[in-house]
Amino acid sequence: MAVEFVGIDPDTDLDHCPTVWADADAQEILLQGWKPSSKTQAECETSSPAKGRVPVSEAIVRIPARMIPMIREACDAVERAQLR
């Protein structure tokens, strides 16, 4: 199975749409979210044990708490694939 759509922010306006997918084959969860402000980005980078800024190949995204059930569902899908 390829990437599976799990859910989209129920309060979306279809222009700003935090979204969750599961990729059971790769055993990964994919998240689309809002970019943090530069202040929040700096706070995340400073509080992380990783050295330096977030690499250009990575991103910090904001996901609303109302999407936690979707994230759990994606986690479950990936975990089930590991058990096969």
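**Notebook: helix α2, salt bridges and cysteines**

**Entry 1. Helix α2 and its cover.** I began with what lies over the buried side of α2: the cover of its buried residues includes β1 (4–8), β2 (19–23) and β3 (28–32). I note at the outset that this is a predicted model. I then asked which residues of α2 are buried. They are Met70, Ala74, Ala77, Val78 and Ala81. These residues lie on the same side of α2, because they cover an arc of only 90° around the axis. I looked next at the other side of α2, where Pro69, Arg72 and Leu83 are exposed.

I also checked the span of the helix. Helix α2 takes in residues 68–83, 16 residues in total. From first C-alpha to last I read 23 Å, close to the 22 Å expected at 1.5 Å a residue.

**Entry 2. The protein as a whole.** I recorded two helices and three strands. Read from the N terminus, their order is β-β-β-α-α. The C-alpha atoms fill a box of roughly 40 × 35 × 20 Å along the principal axes. The protein has 84 residues, of which 24% count as buried. I looked up the contacts with a sequence separation of 6 or more, and 54% of them are between residues 24 or more positions apart.

**Entry 3. Salt bridges.** How many salt bridges does the whole structure hold? My search of it gives three.

I took Arg66 and Asp9 to start with. Their side chains form a salt bridge, with the closest N and O atoms 2.5 Å apart. The pair links distant parts of the chain, since Arg66 is in the loop between α1 and α2 and Asp9 is in the loop between β1 and β2, 57 residues apart. I compared the exposure of the partners: Arg66 is partly exposed, with a relative accessible area of 39%, whereas Asp9 is buried, at 1% relative accessibility.

Arg66 also meets Asp11 in a salt bridge, at 3.4 Å from N to O. Asp11 lies in the loop between β1 and β2 and Arg66 in the loop between α1 and α2, so this pair ties together parts that are 55 residues apart in sequence. I entered Asp11 as exposed, because its relative accessible area is 55% and exposed means over 50%. Asp9, Asp11 and Arg66 are thus linked in a network of salt bridges.

I then turned to Glu43 and Lys39, whose salt bridge has its closest N and O atoms 3.4 Å apart. Both residues lie in helix α1, four residues apart, about one turn of the helix. Glu43 is partly exposed at 43% relative accessibility, and Lys39 is exposed, with a relative accessible area of 60%.

**Entry 4. Glu45.** I examined Glu45, which is placed in helix α1 (residues 38–47). Glu45 is buried yet has no salt bridge. Which side chain of opposite charge is nearest to Glu45, and how far away is it? I found Arg53, 4.0 Å away. Setting aside residues up to four places away in sequence, Glu45 touches Gly52, Arg53 and Val54.

**Entry 5. Ile63.** I located Ile63 in the loop between α1 and α2. I classed Ile63 as partly exposed because its relative accessibility is 24%, and the limit for buried is under 20%. With neighbours within four places in sequence left aside, the contacts of Ile63 are Pro18, Leu31, Gln32, Gly33 and Ile71. I also looked up its distance to Ala42: the two are 21 residues apart along the chain, and their C-alpha atoms are separated by 18 Å.

**Entry 6. Cysteines.** I searched for disulfides and the count is zero. Cys75 is in no disulfide, and the nearest cysteine sulfur, that of Cys44, is 19 Å away. This excludes the bond because a disulfide needs the sulfur atoms within 2.5 Å. Are Cys75 and Cys17 buried or partly exposed? I recorded Cys75 as partly exposed, with a relative accessible area of 35%, and Cys17 as buried, at 14% relative accessibility.

Terms used:
Residues numbered from 1 in each chain as written. Predicted model: local features only at pLDDT ≥ 70, side-chain atom pairs only at ≥ 80, totals over all residues. Heavy atoms only, no water. Buried < 20%, exposed > 50% of the residue type's maximum accessible area, 1.4 Å probe, protein only. Expected span 1.5 Å × (residues − 1). Arc of directions from axis to C-beta. Contact = heavy atoms within 4.5 Å. Lys, Arg positive; Asp, Glu negative; His and termini not counted.
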